[in-house]
Amino acid sequence: MTVAADSVTSLVQSVDWLAIAPPTITAVVALIVLVADLFVPEKRKQLLGAVAIAGLAVALVTLLPLRKGNRATFCLTTDTDACSYTADHFALVIQFLVLGGALLTGLLSLHDTRKKLPAGEFWFLLLSSAAGAALLPASRDLATLVVALEVASLPAFALVGLRRGDRLSSEAALKFFLSSVTATAVMLLGVSFVYAATGTLHLTQIAAGLDNVPGQLDTVAKTGVVLTLVGFAFKTAAVPFHFWVPDTYVGAPLPIAAYLSVVGKAVGFSGLILVTVIAFPGYADVWGPAIAVLAGLTMTAGNVAALRQSATRAWSAVRLLAWSSVGQAGYLLVPIAAAAYSTDDQIGATVAYALMYAVVNLGAFAVAALVARTKPLNRISDYRGLYATRPFAALAMGFFLLCLAGLPPGIIGLFAKVTVFSSAVDAGLGWLAVIMAINVVIALYYYLQWTAILFRAPEAATEPAEEDAEAEPVRRSAPTPITVAIVLTAVAGVVLSGYPELVLRFAASSLF
């Protein structure tokens, strides 16, 4: 009896509750909001938003005790080095980005959930997606990784189509759903191949197993590696898996478009980094060249498409930000490709760039949300003369666009681009560095063109267009939550531009 009891006890895994606190708190608050929605009267539904934002803030605070980055849990009792959840520096930085991005998305959404969106469903779905996104960077086995990816993605489909009766919203959600499901199916097939070749799902054990794959399983292993990467390539909006981006961003509520552009990308890139650097280092000769080619194609396709946007086309501002995000995804892929040719430390450049991009892109969407209140079609031409009516918003938007372009005073954008460029050069990818330099020049044109429009003299007042009939009357002050979001992102961008080492130190240190 004693022997049997000891054998049962040895199978029990210990749980480090502090390590898993950030995604756990977010998920628990999501359930609280879902249940509370049944009992809270309609006129007090705004309290659900306050609870959701407070929950995200608490989840962010729980990252502080974990800052040393040396905690792991759900480890195998037979191999304590094989864990399903690891709160290392990489996981903590991405969790900070994800939860911070979700919190800013919540601020941008407070106004819409009072009038246009069902509050209970919205906050539950946003928190659920954020919980999955926070779980993913800490996942260290393929099963947890896939579950986290789907928990982050499935609520996002519903969020995109949450505007009831809106044809664009429904079409965007359907296109997003079908594309994502196809990519997930391919990825799951790849995971099954990897498991068949190695006999394990833990990333560290997969790396060891792939080094000793029998000859007859080598083709299966290589196929599994490629197919697994396809799913994450979709999440990063890499070419040729990027066609869903512009229509989805236009059809989604604007705060959700901002969420997808930052948090959605963080999910894709963190998953891509984990499987390439930790699980598949032995097949760097397979995924390294593939990701390098994807990086070049993605940045080129995104920037050329953004360049072609007409300033007077409906929703052209959102479309330009969407195509710009595809171009930025190409830059983010460069250090991952470089890691295949040099060291894992190159990954730090992707993290540094992602932090910069998250701050300024969320800020740009916050200004777009402000403009959309009076100009629902959100054309680039609608931003003409913004400085005359809302000088702070115009200055903030100009700063965000210059950061994305990599021009002063957006010093953080310049430093981040130089870091990514250096990673390609150091890895011997000179051809990719040249493509990146050309694309940076292309992007300068449309970023500077939009910036110039902000400070031009306003056009003469005309009668409101019929399609703008739903626009809110011009008010002297913007909604407080949107103003807070713009201020927070602007202050963060200025601080990072003044002290770029706060972000760039990640590019010079090992995150794993």
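**Exercise 1.** Classify Asp247 by relative accessibility and place it among the salt bridges of this predicted model.

*Solution.* At 28% relative accessibility, Asp247 is partly exposed, because buried means under 20% relative accessible area, exposed over 50%, and partly exposed in between (1.4 Å probe, protein chains only). Lys175, Asp247 and Arg319 form one network through salt bridges that share partners; a salt bridge puts a side-chain nitrogen of Lys or Arg within 4 Å of a carboxyl oxygen of Asp or Glu. In this network, the side chains of Arg319 and Asp247 meet at 3.3 Å, N to O. Arg319 belongs to helix H14 (residues 316–339) and Asp247 to helix H11 (residues 244–251), 72 residues apart. Helices are DSSP runs (H or I, at least four residues), as are strands (E, at least two), numbered from the N terminus. Arg319 is buried, at 13%.

Residues are numbered from 1 along each chain as its sequence is written. In this predicted model, local features need pLDDT of at least 70 and side-chain atom pairs pLDDT 80 or more, while totals for chains, interfaces and linings use all residues; side-chain values use heavy atoms, without hydrogens and water.

**Exercise 2.** Explain what the salt bridge between Arg71 and Asp16 ties together.

*Solution.* The two side chains meet at 2.9 Å, N to O. Arg71 lies in strand E1 (residues 71–76) and Asp16 in the loop between H1 and H2, so the pair ties together parts 55 residues apart in sequence. Arg71 is partly exposed at 27%, whereas Asp16 is buried at 19%.

**Exercise 3.** Locate the kink in H12.

*Solution.* The kink of about 35° is centred on Leu260. H12 spans residues 254–279, and 25 of its 26 residues are buried.

Notes: The expected span of a helix is 1.5 Å times one less than its number of residues. The bend at a residue is the angle between axes fitted to the seven residues ending there and the seven starting there.
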